[in-house]
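Q: Could you walk me through how to read a few features in a structure like this one? Let's bring it up and start with a single residue.

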Amino acid sequence: MLLVAVDAGGSSTRALVVDSTGHCLGLGTAGSANPVSTGPEGVERALGAAVRQATASAGVLPSAVTGAAVAMAGARSVRSTAGPEHPSITAGLTGAGVDAPFVVESDLLAMFCAGSSDLDGHALVAGTGSAAIRVRGGEVEGVSDGSGWLLGDEGSGFWIGHHVVRAVVADLDGRGPATGLTPLVLAQLDIDDAHESRPSSLSRLTETVYEMRPVRLARFAPVAFTVVDDAVAAAIVEGASEALTRTLGSVMDSAIDGPLVLGGSVLLHQAQVATAVETAFRVQGG
């Protein structure tokens with residue numbers, strides 16, 4: 001028996017071909033397949049590309065796959081009342097030659113299961129987006145945030161990057177305090193602030209940012225952690241920590257005797273944020 005397992009995230013998509021024992025036979029990767037940020041066409045394109053690459057690297061025919069599991073952020077937005085329940089997922093799999101039954105699960109539940117074999121616990125992710133879940137009996141019992149860049153994802157990479165760029169704009173036009181974030185963001189955008197006036201730098205920054213897909217503001221999140229002794233950067237990082245703590249607290253049940261699984265680049269690579277979240281979790285009885 002051959003199965004396909006897909007992790008469809010906001011930054012990248014990974015697909016595995018596994019046998020009945022869970023042994024990995026092949027791996028494929030592609031771009032974002034988050035329906036909130038890329039739309040159904042993006043889901044179909046990335047899912048299909050990752051699955052085609054996975055079956056090719058496994059050296060198996062796609063038609064030999066007997067089932068698939070897709071862990072996806074924002075999966076509810078790819079459902080349909082007409083035709084297949086998840087038409088873009090169906091199209092992505094069949095386009096890759098996989099015509100088999102599939103199930104769609106929360107990406108956070110997949111992350112929790114990857115981090116622990118317990119059936120009860122909590123999980124918090126802060127990558128491009130952010131969300132928290134409470135797990136009981138191996139099922140998602142409660143969810144908080146994961147509402148996308150426009151309506152939520154507080155404390156996420158997008159949230160931090162957005163605040164960074166807004167702080168730089170406020171510095172350049174005089175509405176906000178000077179910050180060491182400014183030269184770093186301008187350098188990332190290839191804007192030479194040493195040889196351009198502040199109005200010129202601001203104009204070029206504004207034009208460049210508005211040409212981006214909004215979710216790409218997450219690329220500026222690491223800048224907030226690289227500036228030492230900068231009050232503006234420190235406030236952004238502290239705000240992200242507080243936001244993620246609130247998100248986790250809104251689903252937390254201290255009666256659940258299980259682990260907290262953390263995932264996503266903000267929590268995995270920024271110890272300051274992860275430590276703040278872990279401390280709050282323990283204070284609340286976790």
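A: Sure. Let's begin with G39, which counts as buried because its relative accessible area is 15%, under the 20% limit. Keep in mind that this is a predicted model.

Q: Where does G39 sit, and how far is G39 from A58?

A: G39 belongs to helix α1, residues 35-58. Its C-alpha atom is 29 Å from that of A58, with the two positions 19 residues apart along the chain.

Q: How do I check whether a helix has the length it should have? Take α7: what span do its 19 residues call for?

A: The idea is to set an expected rise per residue against the end-to-end distance. For α7, residues 231-249, 1.5 Å a residue gives an expected 27 Å, and the end C-alpha atoms are 27 Å apart, so the two agree.

Q: What caps the N-terminal end of α7?

A: That's D230: one of its side-chain oxygens lies 3.1 Å from the backbone nitrogen of V232. V232 is also among the buried residues of α7, a list that includes A233, I236, V237, G239 and A240. Further along, S241, A243, L244, T247 and L248 are buried too.

Q: How do I read a pair of packed helices?

A: Two packed helices are described by the angle between their axes and the distance between the axes. Here, the axes of α4 (residues 157-173) and α5 (residues 181-188) come within 9 Å and cross at roughly 110°. That makes α4 roughly perpendicular to α5, because angles from 65 to 115 degrees fall in that class.

Q: Which residues of α4 and α5 meet?

A: From α4 you get V164, A167, V168, D171 and L172, and from α5 L181, T182, V185 and L186. Sorted by type, the residues of this contact come out as 7 nonpolar, 1 polar and 1 charged.

Q: Now a strand. Is T13 buried or exposed?

A: T13 is in strand β2, residues 13-19, and counts as buried because its relative accessibility is 0%. Its side chain reaches the backbone oxygen of G31 at 2.7 Å. Setting aside residues up to four places away in sequence, T13 touches V6, D7, A8, G28, T29, A30, G31, S32, A33, A46 and A50.

Q: What about a loop residue such as S116?

A: S116 is in the loop between α3 (107-115) and β6 (121-126). At 13% relative accessibility, S116 is buried. A polar atom of its side chain lies 3.0 Å from the backbone nitrogen of D118. Beyond four places in sequence, S116 touches P259 and V261.

Q: How do I spot contacts between distant parts of the chain? Which residues does V277 contact?

A: Skip the neighbours within four places in sequence and see what remains. For V277, in helix α9 (residues 271-283), that leaves L124, S241, L244, T245, L248, L260, L262 and L267. V277 is buried at 1% relative accessibility. Its C-alpha atom is 9.2 Å from that of R246, though 31 residues separate them in sequence.

Q: Last one: which phi angles deserve a look?

A: Try looking for positive values outside glycine. D145 has a positive phi of about 60°, and D229 has one of about 55°. D145 is in strand β8, residues 139-145, and is buried at 19%. D229 is in the loop between α6 (198-211) and α7, and is exposed at 79% relative accessibility.

Note on methods
Residues numbered from 1 in each chain as written. Predicted model: local features only at pLDDT ≥ 70, side-chain atom pairs only at ≥ 80, totals over all residues. Heavy atoms only, no water. Axes fitted to C-alpha atoms, helices over the stretch in contact; angles between N-to-C directions. Helix = DSSP H or I, 4+ residues; strand = E, 2+ residues; numbered from the N terminus. Parallel < 35°, antiparallel > 145°, perpendicular 65-115°, else oblique. Contact = heavy atoms within 4.5 Å. Nonpolar A, V, L, I, M, F, W, Y, C, P; charged D, E, K, R; others polar. Expected span 1.5 Å × (residues − 1). Buried < 20%, exposed > 50% of the residue type's maximum accessible area, 1.4 Å probe, protein only. Polar contact = N/O pair within 3.5 Å; in protein donor to acceptor, adjacent residues only side chain to side chain.
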